[in-house]
Amino acid sequence: MTDNTDPHTPHIRRRTVLLGTGATAAALTVGAVSAKDAVTAEGAETDRTAPVAAAAVCTLTKELTEGPYYLDGALVRADLTEDKPGVPLELVLTVVDDATCAPLNEALVELWHCDALGEYSGFVGNNGHQEPDNGTFLRGGILTGSDGVARISTIYPGWYRGRCVHIHVKVHTDVTLTSDGSFSGGEELHTGQLFIDEAITTAVARVSPYSTNTVPRTTLAQDGIYGNGGAAAGLMTVTGSAAAGYTGSLTLGVDQG
């Protein structure tokens with residue numbers, strides 16, 4: 001299927017996945033965050049209840065497009081930052097089997113996203129900003145532990161023309177770690193995107209270097225890819241502040257069949 005919001009023709013995988021959210025009554029008791037622990041960018045308490053590392057709720061939803069900026073050969077590492085300026089973002093992503101909700105050990109969670117100016121490594125200049133490009137910044141992945149959790153450090157992503165703020169994610173199993181710090185082989189079980197509440201992005205957009213991004217920002221409500229996946233499509237629970245940094249959490253259920 002072609003998504004008209006992207007100037008490229010994305011490859012959409014049809015495998016169904018399970019994403020933990022607070023938007024359904026299909027409860028699976030594997031841990032939760034209380035509403036008083038969820039804060040906005042300004043530090044105010046909210047009344048939202050949503051998943052953390054292990055979600056209380058699982059919702060069946062579609063995968064989302066890989067997009068045009070994927071590169072093979074991502075490094076296996078827990079910190080993707082490479083000194084890129086931006087608001088710190090710690091991600092706590094839990095991978096579970098969709099049939100049992102049992103955590104997957106040694107699944108590789110791979111991420112890639114743009115920097116504060118909306119530029120992807122390997123494609124710098126596509127969003128109108130010139131900067132050094134080593135082809136690796138803000139890309140990489142890490143193996144989950146026995147609890148199914150992958151913890152990855154990065155920065156809050158910026159935005160580029162026609163898309164809301166998002167982070168791309170793939171989940172692989174049975175990979176082989178290679179001597180150059182990357183991985184090979186295995187099976188790709190999930191391709192999707194992670195999203196963040198619009199109020200938080202609005203706060204981040206006010207601070208440098210995000211405030212120097214010259215491209216108009218597309219909101220969640222305006223984004224066709226997020227909307228096509230439904231309101232529960234990868235929306236993370238995010239706590240913290242623009243001053244101190246954020247932590248984003250989500251449970252990804254994958255089909256191993």
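This passage goes through the salt bridges in the structure and where their partners sit. The model is a predicted one, and the count of salt bridges in it comes to 7.

A good place to start is R77, which pairs up with E82. The closest N and O atoms of R77 and E82 are 2.8 Å apart. R77 has a relative accessibility of 17%, so it falls under the 20% cut-off and counts as buried. E82, on the other hand, comes out as partly exposed, at 29%.

Next up is the pair formed by K84 and D115, whose side chains meet at 3.1 Å, N to O. K84 sits in the loop between β2 (59-62) and β3 (88-97), while D115 sits in the loop between β4 (108-112) and β5 (139-143), so this salt bridge ties together parts that are 31 residues apart in sequence. K84 is buried, with 16% relative accessible area, and D115 is buried too, at 3%.

D223 and R163 make another salt bridge, with 2.6 Å from N to O. Here D223 belongs to the loop between α1 (198-204) and α2 (224-228), and R163 to the loop between β6 (149-155) and β7 (166-173), so the pair links parts that lie 60 residues apart in sequence. Like K84 and D115, both D223 and R163 are buried.

Finally, salt bridges can also join up into a group: E66, K170 and E188 are linked in a network of them.

Definitions and conventions. Residues are numbered from 1 along each chain as its sequence is written. This is a predicted model: local features need pLDDT of at least 70, side-chain atom pairs count only at pLDDT 80 or more; totals for chains, interfaces and linings use all residues. Side-chain values use heavy atoms; hydrogens and water are left out. A salt bridge is a side-chain nitrogen of Lys or Arg within 4 Å of a carboxyl oxygen of Asp or Glu. Buried means under 20% relative accessible area, exposed over 50%, partly exposed in between (1.4 Å probe, protein chains only). Helices (H or I, at least four residues) and strands (E, at least two) are DSSP runs, numbered from the N terminus.
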